[in-house]
Amino acid sequence: MAASLVAAAPLDAAAPLAMNAAGWLLALAQTALFVAAAPLFAGWIKRVKCWLQNRQPPPLAQGYRDLRRLFAKRVRLADQASVVFRIAPYLVFGATILAAAVTPFLSVNLPTAAITDAIALTGFFAFARFFLALAGMDIGTAFGGMGSSREMTLSALAEPAMLMALFTVAMVASSTNLATVITSIETQMVMTRPSLWFAAFGFLLVAVAETGRIPVDNPATHLELTMIHEAMILEYGGRHLGMLEWAAQLKLLVYAVLAINIFNPWGIAHEDSASALGLAIAAMAGKLLVLGIVLAVTETLQAKLRLFRVPVFLMLAFTLALGGMLSFIILEAG
Amino acid sequence: MFFAQLPIYEQAILALAAGVLLLSFFMLAHPRIYSVIKLFAWQGLVLAATTALVAFDSQTPHLYISAVLTLGLKAVFIPWLLLRMVDKFEMHHELDEIRRPGLTLLTAGALVVFCYHTTLPIAELLLAITRNVIAICMSVVLLGMLMLVSRNKALTQVVGFMTLENGLFFAAVAVTKGMPMVVELGIAFDVLIAAVIFGVFFLHIRQSIDSLDISRLSRLSEAERE
């Protein structure tokens with residue numbers, strides 16, 4: 001099994017396309033759409049939550065307005081801020097955009113998706129997290145250090161679970177390349193595959209933890225002593241804060257798109273024709289709307305976990321992903 | 001691809017088998033007694049559905065009777081009995097904290113690997129499509145044992161014991177197309193009686209130590225209780 005993982009080169013899906021200028025242009029446009037849609041998706045989740053909690057929702061464009069306000073503001077830096085503190089927002093935002101670029105969003109026929117795989121994607125997120133944690137510690141406030149330490153503790157548990165879930169789908173598809181995985185899952189009989197159900201459950205739990213949503217972290221508040229992500233970026237302001245918030249929203253969207261495209265890829269475009277892409281946009285928008293509602297409902301129904309319960313939550317995710325891999329080996333590989 | 005070539009109901013058997021294992025994992029990790037019993041009921045339901053599918057797949061009509069028995073006993077009657085117990089003792093919100101949940105779950109994962117490894121030679125001797133399921137059955141048995149040792153409250157321990165029985169029954173269905181009807185009826189009756197006797201035990205434990213926390217029974221005198 002390991003041999004088949006290694007043998008499947010990530011370049012097999014769209015190698016001839018890599019030279020194609022139109023393909024790169026399309027990948028660029030898709031990434032731009034990806035980045036631009038991120039505040040909208042976060043706004044949609046917030047809106048559904050407001051509806052469920054009988055509150056007046058902010059307009060859907062509020063996310064963009066907030067970003068514009070933040071980008072217009074002057075940056076104030078602490079006296080002790082080193083260069084790490086200043087470059088961290090750019091690195092985090094850049095790495096997250098790269099992660100978005102290599103994720104098949106509307107089409108699997110991407111040169112950017114052909115040159116990377118799921119492990120590289122996890123690497124981009126790990127890179128962003130590393131610099132975010134460094135920036136949290138850089139100023140030397142208690143909150144920043146606490147947030148960084150929590151983030152690294154949780155990520156040490158979340159990353160293996162995430163990789164295990166990705167390995168499970170990679171084993172089903174005999175490739176770690178996301179485009180190949182998606183194509184193979186789309187063409188195979190997958191609704192009854194227990195390994196994919198396990199992996200999907202595990203992946204969703206990890207995604208909730210990695211994107212800092214309830215029940216692991218609360219994205220809506222600065223005032224909780226249990227916060228994780230907000231504690232690290234507490235000292236930021238102006239465009240730096242704007243970039244970090246945008247990166248967080250983009251990360252949420254990347255995970256949502258990954259969950260949709262890996263476990264429910266029907267409708268994704270396989271060619272660059274306008275009709276296929278139009279269909280893919282419609283399918284993706286519909287699925288994101290549904291996923292947003294599901295997320296909002298689960299967040300409304302659940303309370304935030306105690307921080308010391310979170311490792312159990314992540315261990316459950318890891319066990320589920322491990323169960324996915326085991327049930328593939330036991331039940332499906334023959 | 002091996003899996004994709006199977007008929008749809010055989011795929012469903014394998015998927016439901018994985019579901020049984022998944023529910024075992026959830027039962028192991030869930031701290032709330034009420035939810036653990038509900039999960040147990042779900043496992044009984046999935047087990048009954050799997051048994052009915054195996055009956056259909058292997059053309060053995062007497063397995064339908066087993067399926068109905070499983071449905072009636074493990075998905076309805078025993079959970080109902082246990083839930084009534086919870087009602088009576090007013091334990092709706094009571095938790096049965098697992099001391100080291102992370103370690104327990106990791107152990108559970110390791111147990112599944114161990115079961116797969118040990119049942120591999122047995123599985124090679126069998127021809128039925130359900131031969132791969134035997135590792136799952138073994139795992140459910142061992143996870144039930146793990147639940148027995150990792151829990152403190154009597155109710156959840158009984159659920160662990162019943163899960164263990166689920167695993168044994170599943171193994172019988174999957175490997176030998178069910179035991180003879182007499183044996184199966186006898187076991188069903190035993191389980192039924194066990195559930196009733198456990199109920200009486202709960203009452204006695206409750207009366208003597210004012211709780212269902214078994215760990216208190218390991219201390220010798222009242223004075224040590226804080």
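Two residues are in contact here if their C-beta atoms, placed from the backbone, lie within 7 Å. With that in hand, welcome to a tour of this predicted model, starting where its two chains meet.

**Where the chains meet**

At the interface, 20 residues of chain A are in contact with 25 residues of chain B. On the chain A side, α9 (194–210) and α13 (310–332) each supply at least two of the touching residues. Helix α13(A) gives the most, with 12 residues. Sorted by class, the side of chain A that touches chain B holds 12 nonpolar, 6 polar and 2 charged residues.

**The two chains side by side**

Here are some overall values for each chain, handy if you are setting up your own analysis.

| Property | Chain A | Chain B |
|---|---|---|
| Helices and strands | chain A: 13 helices, 0 strands | chain B: 7 helices, 0 strands |
| Span along the principal axes (C-alpha) | chain A: roughly 60 × 45 × 45 Å | chain B: about 65 × 35 × 25 Å |
| Buried residues | chain A: 53% of 334 residues | chain B: 45% of 226 residues |

How does the radius of gyration of chain A sit against that of a compact globule with 334 residues? A radius near 20 Å would be expected, and chain A has 20 Å, which agrees. For chain B, the radius of gyration is 18 Å and the globule rule gives 17 Å for 226 residues, so chain B is as compact as a globular protein of that length.

Contacts between residues distant in sequence can be followed in both chains. In chain A, 80% of the contacts between residues at least 6 apart in sequence join residues at least 24 apart. In chain B, residues 24 or more positions apart account for 71% of the contacts with a separation of 6 or more.

**Inside the core**

In soluble globular proteins, nonpolar side chains tend to be buried together. The largest nonpolar core in this model has 181 residues, and those with the most contacts inside it are A:A161, A:L314 and A:A321. Which residues does A:L314 touch, leaving aside those up to four places away in sequence? They are A:L154, A:L157, A:A158, A:A161 and A:A209.

Another residue to look at is A:L166, which lies in helix α7 (residues 142–173) of chain A. Why does A:L166 count as buried? The cut-off is 20 or more other C-beta atoms within 10 Å, and A:L166 is buried because it has 25 of them within that distance. Its C-alpha atom is separated by 7.6 Å from that of A:A199, although the two residues are 33 residues apart along the chain.

**A helix in chain B**

Helix α5 (residues 133–150) of chain B lends itself to a quick geometry check. At 1.5 Å a residue, its 18 residues should span 26 Å, and the end C-alpha atoms are 25 Å apart, which agrees. The helix α5(B) is also mostly covered, with 15 of its 18 residues buried.

**How far to trust chain A**

Chain A averages a pLDDT of 86, and 92% of the residues score at least 70. Where in chain A is confidence lowest, and where is it highest? The lowest mean, 41, belongs to helix α1 (residues 2–7) of chain A, and the highest, 94, to helix α4 (residues 83–102) of chain A. Over residues 1–15 of chain A, pLDDT stays under 50, and the model has 23 contacts beyond four places in sequence for this stretch. Where pLDDT is low, the predicted coordinates should not be read in detail.

Terms used: Residues numbered from 1 in each chain as written. Chains lettered and ligands numbered in written order. Helix = DSSP H or I, 4+ residues; strand = E, 2+ residues; numbered from the N terminus. Nonpolar A, V, L, I, M, F, W, Y, C, P; charged D, E, K, R; others polar. Core = buried A, V, L, I, M, F, W, Y, C linked by C-beta atoms within 7 Å. Buried ≥ 20, exposed ≤ 12 C-beta atoms within 10 Å, placed from the backbone. Expected span 1.5 Å × (residues − 1). pLDDT = per-residue confidence, 0-100. Rg over C-alpha atoms; globule rule 2.2 N^0.38 Å.
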